[in-house]
Amino acid sequence: MRLQNIHGFANIDEYVRYKLSLYSKKEKTFETLFEFMFDESDNTMVETTDGYRINKVTYGDFKKQILDIMPTVANAFSDLPKGEMIGLYMANCPEWIALFWAILGAGYRPLLMNTRLSDEVLNSILLEYSVKGVISDGKSFAVKTVMKEDALIPSKEEFISVPFGKEVLFMSSGTSEHIKLCAYTGENFYYQVCDSANIVSTCPDIRNHYEGELKQLMLLPLCHVFGFIAVYLWFGFFSRTFVFPRDLNPSTIQRTVKKHKVTHIFAVPMVWEAVAKAALSKIKARGDKTYNKFKKVTGIVNSLGGAGDLIAKYLLSEVREGLFGDSIKFMISGGSEISGATLSFFNGIGYHLANGYGMTEIGITSVEKARSKKILNTASIGAPFGNTEYSLDEKGTLLVRGKTRASRILCDGKETVIPDEEWFSTGDRIGCENGRYYAQGRADDLIICEDGENLNPCIAEAALRVEGIDKLCIFADKDKKVAVVASIPGCYVKNRLSSLHDALSKAIAEAKLDRVITRIYFTNESLLKNDEIKLARKKIVSRINSGQIKVFDPANLEERTEELLEGLEKDLQECFAQVLSKDPSQIGKNSHFFRDLDGTSIDYYSLLGTIRERMGVNVVNNDTLKLATVSEFAEYLQNKNM
């Protein structure tokens, strides 16, 4: 199908060259960027749904909305000198984009507030850097706060144009102990756009449309450098469509992708791994024969080129339909390390999932552009884009230089300016082979073992993936012994815990790490807080040492019998409540599923499925006739041989 929304050009390459040629001749300011971001006025910019109809807004209509609210924003902060920072605290929505440009157009510098950070941290940053105002979607801060509803009221007065703000500032993700503010200029964004054009010319798959359109799912937070640059800036400059889901519930995401025929999804590894884990669980539940067939087919697909996708299209269509359907053309993982197994799953079912690299301080600097699934599945982050250079120091730490980096970095009240020609140390250990780079974790996470050998926990953890274990973290404990803590949320069954302990011990031995890792701990808690998207090992160790994360030795489960039983019963009460649409407090330990709780046979089979998904345990049908209460299920599960 011929593309209708590329300014009348015959192909995307011509269109991209045309826009960049014009942009290169202009002053690299935010005013210039604004005009280019909205110059294709008839193209659809935003799609949303009310559950029934798809609502569309063009770039022209959206630009008008921005211009209408610029006077409103300017008046709301008229007591502040132009050039001051104005915080923007909002979840992803079309209004976020409108207010971002309105703040710039009113002459201020947007500070994109990381909504995952606590109120305490955010308020301290606002005060430390003398931020006098915030536009918020409901939360009030220690400085002047204007609610988005008030900021979005169109002004009836004529707006007197002023110079746009000169910077956009991002907050770091908070995985370190100190939050950084990273300032980007219009020139920095210009070179990021040039890099996106470089990807289009060297990676044909990223420009693939479906039924003539390219639609990017707005999943990553816009306040994050990955979400803003790789999702909004890259695709918005070339006037593609952004699809906003109503919420982030997995079922909503799936429905949104299919309803809108989304073509591109960018997300962090945690999202991809959760989706792959859930899909594999469903496939395994259908029996060994089905699972083995799936593994065989994906193995063939991953070993072939384009023909592999044709095989996947016909033999694995049911799997893809259970996920995102067939409109998906390109997916990127970024933000932290992703496992080869997760990449192999998605690429093996006929999708294209590539690994990328970037940081708040340097923007997005590389993505694997190969078409080969064998290369994609190595978790390579590719080679640096055209306006960025990579180098490795003597310790294997990645150094980056180029014009796409932040122009300056603020941390702990201090400013650091690194000229374009100087190298910036990322603190990430990176390997390089045949011109491709591979992320290997943080340099400061290295553990010095008793024999003086350095252990890279990122690489070691990748070798210890055990089904049923959510997350692993290798660290040096209080006694300076190398230990591993495994997170198994919701697992309170002794036999299941014992089998997971045996499987992890076996994996440690097979990886030849048993000489190094001398202690194994389990925790029923998540290693990630609700606001975290990747492991922060120093924070995890601190939480373990302070008792915030309670760990136990899985080799001594008899000491925790009563505690495990209580946890199991509580989890089962929640399973009962979920399938019966009741509050857990209404589920007594001895309440009969049918007689007391009015459950049906359909509800009962739903309960068995919920227990399997939540606890990783199958309840055999022949045994279920006598199981009708929380207590009976708990006793059965604790005595079940795994």
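Let's start with helix α14, which runs over residues 340-348: its buried residues are T342, L343, F345, F346, N347 and G348. Keep in mind that this is a predicted model. Those buried residues pack against quite a set of neighbours, namely the helices α10 (269-285), α11 (288-303), α12 and α15, plus the strands β12 (330-333) and β13 (353-359). Just past the end of α14, G350 takes a positive phi of about 100°.

One of those neighbours, α12, is worth a closer look through A312, a residue found in that helix. Is A312 buried or exposed? A312 counts as buried because its relative accessibility is 0%, and the cut-off for buried is under 20%. Leaving out residues up to four places away in sequence, A312 touches V301, S317, R320, G348, I349 and G350. So G348, a buried residue of α14, and G350, the residue with the positive phi, are both among the contacts of A312. A312 and N347 sit 35 residues apart along the chain, and their C-alpha atoms are separated by 9.4 Å.

G350 turns up again in the second largest pocket, which holds about 560 Å³ of space. The lining comes to 20 residues, and D309, I328, K329, G350 and Y351 are the closest to the pocket centre. Which elements give two or more residues to this lining? They are α12 (306-315) and α15 (373-376), with α12 giving the most, at 4 residues. Sorted by class, the lining has 6 nonpolar, 6 polar and 8 charged residues.

Now for the nonpolar cores. In soluble globular proteins, nonpolar side chains tend to be buried together. In this model, the largest nonpolar core has 99 residues, and F38, W96, W101, F189 and Y232 have the most contacts inside it. Helix α8 (residues 225-237) gives the most to this core, with 11 residues. For a feel of the packing, take Y232: not counting residues up to four places away in sequence, Y232 touches M37, F38, M45, I97, W101, L222, G227, F237 and F242. Two of these partners, F38 and W101, are also on the list of residues with the most contacts in the core. There is a second, separate core too, and L504, F593, L608 and V617 are among its 52 residues.

Here are the two cores side by side:

| Core | Size | Residues, among them |
|---|---|---|
| Largest nonpolar core | 99 residues | F38, W96, W101, F189, Y232 |
| Second, separate core | 52 residues | L504, F593, L608, V617 |

Notes. Residues numbered from 1 in each chain as written. Predicted model: local features only at pLDDT ≥ 70, side-chain atom pairs only at ≥ 80, totals over all residues. Heavy atoms only, no water. Core = buried A, V, L, I, M, F, W, Y, C linked by side-chain atoms within 4.5 Å. Buried < 20%, exposed > 50% of the residue type's maximum accessible area, 1.4 Å probe, protein only. Contact = heavy atoms within 4.5 Å. 1 Å grid on protein atoms, 1.4 Å probe; cavity = no way out; pocket = protein on both sides within 12 Å on 5 of 7 lines; lining within 4 Å. Points joined across faces, edges and corners; volume = space filled by probe spheres on them. Nonpolar A, V, L, I, M, F, W, Y, C, P; charged D, E, K, R; others polar.
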